[in-house]
Amino acid sequence: FSKGSETNQIRTLAQDTERDKRFFSNSSFGTYNALLPTGLAQKIHRLTEEQILIKELVALSTTEQIRKIRALPVSFEEKKHVRTQAMAFKSSGQSHHFSSLRDFSQNMSLLIRRFGYSIKSVSQSLQLWRGIMKEIGGKFGSSVLNYFVLLKWLLLFNIFSFLVNFGFITIPLLVSDLSPNVSPNVSFRGLELLTGAGYFNYTVMYYGSYSNETFRGLVDYDMQLAYFFTISVYMVLCGLVLIFSMASSFKKNYALADSASNSAWQLLCSWDFSITNEKAVNQRKNNLRIQLKESLSEKAHRERQTTSEQLKQYGIYFGSWLLSTGLAVGCGASIFYLCQYENEVRKTINYPKFRQEAETLLVPFVVSLMNMVIPLFFSLFNKFEQYSSQRKQIYALLFRNVLLRISILGVLCYYWMNTVPQKFTCWEPVVGQALYRLVIVDFIFLMLGSLFGEFLSNVIGTKIQPRLGVPEFDVARNVLEIIYAQTLAWIGIYFSPLLPVIQILKFFILFYLKKVSLTHNCQPPRRSGRAAQMKTIFIFLLFIPFFVGALSIVAYTAWSLTPSEHCGPFRGLNNTFSVTGEWIDDVNKLSSTQWVVWIYQNVIKSEIFYFLITLIILVLIYIFWQLIQGRKELIVLLRKQIVNEGNDKSFLLEKLQNLQKS
């Protein structure tokens, strides 16, 4: 054979050999094959096997082809060559094993799959802040990224809330009455942007401006039912989303790990693969090395710790928790007395109206100041407590900050639900204005904390006191701030249906503000916890106690408090929930809707139904709890089995070495 055409001639000879093989017996064909040179015979044999394989592949479906090609014991290039040959053989029309219908179905499935991938790629490229999220994750890691993911998630909550409220409550009112009922003596002065009072009190911003009428048209539209069911459905949907998100995050991210595996986890599993920045990678390596040294030294210190030292440490814990709890309770009490003092001053001294509106900013200013300053004392307590692990330190700080905010919000809600309805004839807009002011002043303090607090800390740590270093981005504190802000929006949705508009603007600006401050003023946390587990903790805190507390306040308002008699959609009713009773009375007059009346009377108003639901939930909780306990015991047994297998291998190796020596 000539060198240039050797491959083609070998392939032709292989085809002839494959054809002639049918007419020879195995022995005679082996003699024929032996007459050829050794290398040529091997090449012919290889090409013959390749042709047989290609014919087998063509007869298979696409999924089976891929599976069989992957299972071949050859290199990737050879697999790629076989797949190319099979596709070329099929497209050339040499295969007649497939019917045209099967070819068409496979081509259509391929097109649909490619179209699905294209749609998914386009949807990912259109996601809000996708590039910024990748940049933050690459420079600062997953723990910092969790804050921005939660912020984006809460922004979407408020966008949905605004669309629902505006579409089902505000638009019907604007369509029926386009002109706002503003008094001629009232004008917009600018202070309303901070106080929410004045001109805004006569707009659709607050509960008092909504009508209790039924708008007649092509379809009768009852504003009472629309207001009640819109708020109720939104709160229920928020609760369901939070429950499913919490359950999904717990199932995916919460590992059943004991304290003994903590050091192994730090060494083997704590690297954050989302980091791509070289400076962040080097810093992460250094932080991980320091963290391992600290954990080992803390473990050795605990082993050497005497009983007196342990008692001293427990005393420090007790004193810190006593002080932190006292601070939280004291802040709540001081806010309550401040609200009463503000109300007394408003009664006794007749200030100009402009000054009265300005003085309403005192309570939200003090509340925001407490939320900013008191956590600094809690961080100071952590420096004296010296917890054995970073996770315990974060949990203690989180619980103290949650206790502070819950104390303040609880006192404010108690004042709004008990004192305000007795002193104002139209009390719902007053509560809505108070929540509006809290949202606005909280936003101002968040901006000041980012622009000046983190900036000044960076200047002090780099210019004045270099030993302090660049400040860390406190993920726990920042997450609690946006959870607190969202709780205000959830409580205020009944009293101010358009409050989510303010929250959307707040979160949108806050995202870019925090991103700029993070990039220029902060560094990633030196000691990283398990970011996936921290995400689960944050969702849990968002649900319990904040969402549950907000839902309880809205439910108590609708179920127990008497609405104002002169304003709002529920004027003249004993309570908000009684609107459903009036609606059922109207439905009962229609014979075709008796099933709705039966469900309302025998299910919704039945105590037995809720008792059975509670009993079923408790039984399910008990079953899942037993499953968790069984899996924990199984994990313990598997760990013991791993240890025993390791001991068995060590014993066998030792015996084998002894036999080799003898």
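The link of Cys 426 and Cys 567 is right-handed, with 105 degrees about the S-S bond. This is a predicted model. The two sulfur atoms sit 1.7 Å apart, and a pair within 2.5 Å is taken as a disulfide. The count by this rule is 1 disulfide. A disulfide is a covalent bond between the sulfur atoms of two cysteines.

The pair joins distant parts of the chain, 141 residues apart. Cys 426 lies in the loop between helix 17 (420-423) and helix 18 (428-464). Cys 567 lies in the loop between helix 21 (531-559) and helix 22 (578-587).

How buried or exposed are these cysteines? Cys 426 is partly exposed, at 23% relative accessible area. Cys 567 is buried, at 6%. Burial here means under 20% relative accessible area, so Cys 426 at 23% does not count as buried. Two further cysteines, Cys 339 and Cys 522, appear in the table with the bonded pair.

| Residue | Relative accessible area | Class |
|---|---|---|
| Cys 426 | 23% | partly exposed |
| Cys 567 | 6% | buried |
| Cys 339 | 5% | buried |
| Cys 522 | 8% | buried |

Next, the nonpolar interior. The largest nonpolar core holds 108 residues. Which of them touch the most other members? They are Leu 398, Leu 412, Trp 416 and Trp 490. Helix 16 (residues 390-418) gives the largest share of this core, 13 residues. Apart from this core lies another, of 9 residues, including Leu 57, Val 58, Ile 69 and Ala 86.

Trp 490 has its own list of contacts. Leaving out residues up to four places away in sequence, Trp 490 touches Tyr 234, Met 235, Cys 238 and Leu 242. On the same terms, Trp 490 also touches Leu 542, Phe 547, Ala 550 and Val 554. In soluble globular proteins, nonpolar side chains tend to be buried together.

Nonpolar residues also occur on the surface. A nonpolar patch there covers about 1,100 Å². Its residues include Ile 608, Phe 611, Leu 612, Leu 615, Tyr 622, Phe 624 and Leu 627. Leu 612 is found in helix 24 (residues 607-661). Leu 612 is partly exposed, with a relative accessible area of 42%.

A charged residue closes the tour. Glu 342 belongs to helix 13 (residues 307-348). Is Glu 342 buried or exposed? Its relative accessible area is 16%, so Glu 342 is buried. Beyond four places in sequence, Glu 342 touches Glu 359, Thr 360 and Val 363.

Key. Residues are numbered from 1 along each chain as its sequence is written. This is a predicted model: local features need pLDDT of at least 70, side-chain atom pairs count only at pLDDT 80 or more; totals for chains, interfaces and linings use all residues. Side-chain values use heavy atoms; hydrogens and water are left out. Helices (H or I, at least four residues) and strands (E, at least two) are DSSP runs, numbered from the N terminus. Buried means under 20% relative accessible area, exposed over 50%, partly exposed in between (1.4 Å probe, protein chains only). Contact means heavy atoms within 4.5 Å. Patches are made of residues with over 30% relative accessible area and no salt bridge: like charges are joined within 9 Å, nonpolar side chains (Val, Leu, Ile, Met, Phe, Trp, Tyr) within 5 Å. Accessible areas come from the Shrake-Rupley method with a 1.4 Å probe; for residues, only the protein chains shown count as cover. A salt bridge is a side-chain nitrogen of Lys or Arg within 4 Å of a carboxyl oxygen of Asp or Glu. A nonpolar core is a set of buried Ala, Val, Leu, Ile, Met, Phe, Trp, Tyr and Cys residues joined through side-chain atoms within 4.5 Å.
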